[in-house]
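Student: I have a model open and want to learn how to read it. Can we go feature by feature?
Tutor: Yes. Here it is.

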Amino acid sequence: EADTPSQPRPSCHVGNCPPQPAADRPTAGTPPHKRCSLCRPYPPALSAFPSLPIAAGTPGAGKKSQELHSSKNCVSFSDTGNGEQLYECPMCSLTCTNIQILEEHVDLHLEEHNFSEGICKDLELAQQLQTEEDERQRSEEEKRENEEFKKLQRQYGLDNSGGFKQQFLKNMEREVDRGRMQPFEYHKRKADMLESLASGIDDGKTKTSGVIEALCKYYQNENKDVRHVWLSAGVDHFHSSLGDRGWGCGYRNFQMLLSSLLQNSFYNDYLRDTTLIPSIPKIQSMIEDAWREGFDPQGASHFNNRLHGSKAWIGACEIYSLLTSLRIKCQIIDFHKPTGPVGTHPRLFEWILHYYSTDNEGGAKVVCTSKPPIYLQHQGHSRTVVGIEEKKNKSLCLLLFDPGCSSQQMQKLLKQNDGTGLRLLRKFVGSLKEKQYQIVAVDGVLSLEEKAARCCASQVLTSEKIP
């Protein structure tokens, strides 16, 4: 109901508006003052309005708009001029004449809003959970990759755990603790090792000489099933020691190859600065020198340009770079996939036969060639090829020096009478079934110009692939 002059307007709940008589209400054409609902000329509750049907459209420009406070929202309404009032939805501008219908309409908006808001919150939660799961998986993957990388570093000696010297001392200490070595022997061997490292010369304690000569004598007198055998030039066998066990095969095979070159007058003139067999730490320094000259920069980068003081494995590329820096002509042959049944490599055997038999053909059963031995590499290990047998049935058999064979085992070859010791050396076609083999074969010497040209070519080191 409308207020009468005798009924004063209640005071503003905020306390800022004085009682206002009905006569002071805004009239048509006069904008209402901006106060709360208690100070406005309409009931404070939406339910006080009469029920009226919905009217389509919006009020005309001349209609008066006023604001209504409600528990739902602020509702605009207009006077139609004939006593009716139109109420406009504050959310979609729909106009109606019934306040209850408007309330229901606004409730629908609020329910829709709450539903949409719930969906948004669910989506946000799902995205947050997915993000957290992605982060967890990424963290686990990084952790797994780091562990695998560290494992590979340990496996290939790149974990900064020390090199030859540290391993030698650690293994000797273990031998003393287990009662296999007396303390006085420990100190003596430690002094010898330190002297060897200081001079850069191998102490020769893992060397066995004279095996090729013993083989030549044996084949001439025994072994009836061999039709022909070709042997390399003289070569000393070197086996792994306490300081390089598990990672030093590449260095030991280089020592074997170098021992043969030093016994050959054709090569030793080019090795005047290397008249004695270097120790493993010295070989590491020599490879680093080759890198500094410009050989194989990609390989140098793989090792971070550092080998000395580490247990890093080396392979065919490092042997090639080192020999070429010493002006020894050599090549890498890559037997990158099997060429025979059951994963065998008959082409490898044929290539080695051709290497040793070229310029050494004839009717002799045993041919002691002047050819240096061949460095043979496969995944995880390397050996030295010192000869090849051709059986009477035309099958081929390689003769290999393995750094894993001890001096005691190699000594038996010097005294053999029945050929049983040859089982250490013989490898038939069916015995070599690795996926890939690489060899480094020496074939002459290099001039300074040829060395420089090969250095430039090694910026991208390549090999001859067979097949």
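Tutor: This is a predicted model. Start with one residue, Ala316, which sits in helix H9 (residues 316–325).

Student: Is Ala316 buried or exposed?

Tutor: Use the relative accessible area, where under 20% means buried. Ala316 has 3%, so Ala316 is buried.

Student: Which residues does Ala316 touch, leaving out those up to four places away in sequence?

Tutor: Ala316 touches Ile332, Tyr375, Gln377, Gln438 and Val440. Take Gln438 from that list. Gln438 is 122 residues from Ala316 along the chain, yet their C-alpha atoms are separated by 6.8 Å.

Student: How do I put such pairs in the context of the whole protein?

Tutor: Look at contacts with a separation of 6 or more. Residues 24 or more positions apart account for 68% of these in the protein. Burial can be totalled as well: 42% of the 467 residues are buried. The secondary structure comes to twelve helices and 15 strands.

Student: How do I check the length of a helix?

Tutor: Compare the distance between its end C-alpha atoms with the span expected at 1.5 Å a residue. Helix H7 (residues 280–293) has 14 residues and should span 20 Å; its end C-alpha atoms are 20 Å apart, so the two agree. Just after H7 comes Gly294, with a positive phi near 115°.

Student: Which residues of H7 are buried?

Tutor: First, the general idea. An α-helix has 3.6 residues a turn, so residues three or four places apart point the same way. In H7 the buried residues are Ile280, Pro281, Ile283, Gln284, Met286, Ile287, Glu288, Ala290 and Trp291.

Student: What covers the buried residues of H7?

Tutor: The cover includes helix H2 (164–177), helix H3 (183–199), H5, helix H8 (297–302) and H9.

Student: How many residues of H5 are buried?

Tutor: 14 of its 14 residues are buried. For length, H5 reaches 20 Å from its first C-alpha to its last, close to the 20 Å expected.

Student: What about a polar residue in such a helix?

Tutor: Take Gln255, which lies in H5 (residues 249–262). Gln255 counts as buried because its relative accessibility is 0%. Next, look for a polar partner. The side chain of Gln255 makes a polar contact with the side chain of Arg252, at 3.0 Å. Then list contacts beyond four places in sequence. Gln255 touches Asp202, Phe238, Ile277, Pro278, Ser279, Ile280 and Ile283. Ile280 and Ile283 are among the buried residues of H7.

Student: Which residues of the largest nonpolar core touch the most other members?

Tutor: The core has 63 residues, and Tyr219, Leu231, Leu323 and Phe401 touch the most other members. H5 gives the most to this core, with seven residues. Apart from it lies another core of 23 residues, among them Trp230, Leu353, Leu396 and Leu432.

Student: What does Phe401 contact, leaving aside neighbours within four places in sequence?

Tutor: The contacts of Phe401 include Val211, Ile212, Val235, His237, Asn253, Met256 and Arg383. Thr384, Val386, Met410 and Leu425 are also in contact with Phe401.

Student: How do I read a strand?

Tutor: Ask about burial, then partners. In a regular strand the side chains alternate between the two faces of the sheet. Strand S6 (residues 226–231) is mostly covered, with five of its six residues buried. Five bridges join S6 to strand S11 (residues 381–391), and the two run antiparallel. There, His228 stands opposite Glu390. S6 also pairs with strand S9 (residues 366–368), in the parallel sense, over three bridges. In that pairing, Val229 has Val366 as its bridge partner.

Student: And a hairpin?

Tutor: Look for two paired strands and a turn. Strand S3 (residues 85–88) and strand S4 (residues 95–96) run antiparallel, joined by two bridges. Glu88 stands opposite Thr95. The hairpin has six residues between its strands, and Ser93 in the turn has a positive phi of about 70°.

Student: How do I use record annotations?

Tutor: Set them beside the model. An unreviewed UniProt entry gives "domain: C2H2-type" for residues 89–109. That span is 52% helix and 10% strand, with end C-alpha atoms 10 Å apart. UniProt (unreviewed entry) also places a "coiled-coil region" at residues 122–152. In the model, residues 122–152 are 100% helix and 0% strand, and the end C-alpha atoms are 44 Å apart.

How values were computed. Residues numbered from 1 in each chain as written. Predicted model: local features only at pLDDT ≥ 70, side-chain atom pairs only at ≥ 80, totals over all residues. Heavy atoms only, no water. Helix = DSSP H or I, 4+ residues; strand = E, 2+ residues; numbered from the N terminus. Buried < 20%, exposed > 50% of the residue type's maximum accessible area, 1.4 Å probe, protein only. Polar contact = N/O pair within 3.5 Å; in protein donor to acceptor, adjacent residues only side chain to side chain. Contact = heavy atoms within 4.5 Å. Expected span 1.5 Å × (residues − 1). Pairing = 2+ DSSP bridges. Core = buried A, V, L, I, M, F, W, Y, C linked by side-chain atoms within 4.5 Å. UniProt positions renumbered as here; feature names shortened; annotations may be inferred.
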